[in-house]
Amino acid sequence: MSYASGPIVAFHDVSKSYDGKSRVVDGLNLEIRRGEFLTLLGPSGSGKTTTLMMLAGFEEPTGGSIQFEGSSLVGVPPHQRNFGVVFQSYALFPHMNVAENLAFPLRMRRLARDERDRQVGRILDKVRLGHLSDRYPAQLSGGQRQRVALARALVFEPGMVLLDEPLGALDRQLRDEMQAELKALHTALGITFVHITHDQNEALALADRVGILREGRLLQVDTPSALYNAPADAFVASFVGENNQFVGVVMEQGEGIAVLRVADLLLSFPRYDGADLPIGTTVRVMVRPEHVRVAPRPVGNRKAVPGRIADISFRGDHLRIGVEVHGLGRIISKQSADQTNQTLSVGDECFLDWADERALIFELMS
């Protein structure tokens, strides 16, 4: 996706404290590109909701500034920011039908009746709800109510749309369907979407870029692929996707290679990002399950790790294999069900290996 030059939103050293002591958001610097789908992802208490509420105008920063299209938002009330907001609860008016719910923000902007009807009809067509315009929220499914809430946020042609866990109330199958619809709608409209969630799968599926927040600090903002394959630190690596993790000590260093003692094994790894890892440094090693290969015998890789298969479960497109390794505990492998051409059984001895470049190594901070 291409973006117009210059960010549409810029956070400069933004902080938020409710008690004057602890900071819910701490020194946030973030630029949001015009037309992108940006997701803020983090655990509960990371500051993502507070960040969105400050952008919407429902909270004011304790320090720093937020700019929209180069102008400060300090002191600008929510109704003057021209942002559409979608909440997890949908916040639809139960006494209004679908068309009336959508017309409400247009009435508040004093649009003429003919213009209101035109814009309501246009957006109902976009979200494929024209046939339900006379129904009330109680007569709609969860997915339909979610689309109505989204349509109401879009009907007045906002400068930006803010999404506060909009799919959180839906079941998994419907959530997956709505993710595809939401992404397609964003692509069609080209409006900037800022979305918060604690669901990493949702973030990776929807966003052009994802920002990872922890304890009020922005750790990394990047494309989903970059976050997954080149995380900035151990927390990002752990939070985005599944990882096998174990601790080792650097025993030797070569050119771009570190030899680690892990339990009673000596394993060699590339030095992640060329990081300086002095001998004696304790490090955390992470390898994603889909990069771990399981075989009944070593395949010539010098770091093949012996183990015993503890469990195997069929997951449709892949096998999930748990392997007990002395000193490391259980290592999980995901292997394509179609490509697994050897017979693997619970209790069998086996060997694990992975490509060198697939191992992530981070210094273990005290």
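These are my notebook entries on the empty spaces and two helix pairs in this structure, which is a predicted model.

**Entry 1: enclosed spaces**

I began with a general idea: rolling a probe the size of a water molecule over the atoms shows where empty space is left. How many cavities of 30 Å³ or more would I find? The count came to two.

I looked up the largest cavity, and its volume is about 40 Å³. I then wrote down its lining, which consists of Met54, Glu60, Pro61, Ile66, Leu73, Val74 and Arg81. Sorting that lining by class gave me five nonpolar residues, two charged ones and no polar ones.

Next I turned to the second largest cavity, which holds about 30 Å³ of space. Around this cavity I listed Phe11, Leu30, Ile32, Leu40, Thr51, Leu52, Leu55 and Val194. Two elements, β2 (25–33) and α1 (48–56), each give two or more residues to this lining. Which of the elements has the largest share of the lining? I found that α1 does, with three residues. By class, I noted seven nonpolar residues and one polar residue in the lining of the second largest cavity, with no charged ones.

**Entry 2: the largest pocket**

I moved on to the largest pocket, where I read off about 480 Å³ of space. Its lining has 19 residues, and I marked the ones nearest the centre: Phe83, Val85, Pro105, Arg109 and Phe156.

Which elements supply at least two residues each to this lining? My list has β6 (83–87), α2 (98–108) and α4 (142–154). I gave β6 a star in the margin, as this strand gives the most, with four residues. When I sorted the pocket lining by class, I got 14 nonpolar, three polar and two charged residues.

**Entry 3: α2 against α3**

For helices I kept a simple rule in mind: two packed helices are described by the angle between their axes and the distance between the axes.

My first pair was α2 with α3 (residues 113–126), which pack at about 125 degrees with their axes 9 Å apart. Are they parallel or oblique to each other? Angles from 115 to 145 degrees fall outside the perpendicular and antiparallel ranges, so I called α2 and α3 oblique. I also noted that their crossing is right-handed.

Then I looked at who touches whom. From α2 I listed Val98, Ala99, Leu102, Ala103, Leu106 and Arg107, and these meet Arg116, Gln119, Val120, Ile123 and Leu124 in α3. I sorted this contact into eight nonpolar, one polar and two charged residues.

**Entry 4: α4 against α5**

My second pair was α4 with α5 (residues 172–189). At what angle do their axes cross? I got roughly 20 degrees, and the axes come within 11 Å. An angle under 35 degrees counts as roughly parallel, so that is how I described α4 and α5. The crossing of α4 and α5 is right-handed.

On the α4 side of the contact I wrote down Gly142, Gly143, Gln146, Arg147, Leu150 and Leu154. On the α5 side I wrote down Leu174, Met178, Glu181, Leu182, Leu185 and Leu189. By class, this contact gave me seven nonpolar, three polar and two charged residues.

**Entry 5: a look back**

I went back to mark the helices that turned up in more than one entry. α2 supplies residues to the largest pocket and also packs with α3. α4 supplies residues to the largest pocket too, and its axis crosses that of α5.

Conventions: Residues are numbered from 1 along each chain as its sequence is written. This is a predicted model: local features need pLDDT of at least 70, side-chain atom pairs count only at pLDDT 80 or more; totals for chains, interfaces and linings use all residues. Side-chain values use heavy atoms; hydrogens and water are left out. On a 1 Å grid over the protein atoms alone, a cavity is a set of points where a 1.4 Å probe fits but cannot get out, and a pocket is an open set with protein on both sides within 12 Å along at least five of seven lines; lining residues have an atom within 4 Å of a point. Grid points are joined across faces, edges and corners, and a volume is the space filled by probe spheres set on the points. Ala, Val, Leu, Ile, Met, Phe, Trp, Tyr, Cys and Pro count as nonpolar, Asp, Glu, Lys and Arg as charged, and the others, Gly among them, as polar. Axes are lines fitted to C-alpha atoms, for helices over the stretch in contact, and angles run from 0 to 180 degrees between N-to-C directions. Angles under 35 degrees count as roughly parallel, over 145 as roughly antiparallel, 65 to 115 as roughly perpendicular and the rest as oblique. A crossing is left-handed if the near helix is turned anticlockwise from the far one by less than a right angle, and right-handed if clockwise. Contact means heavy atoms within 4.5 Å.
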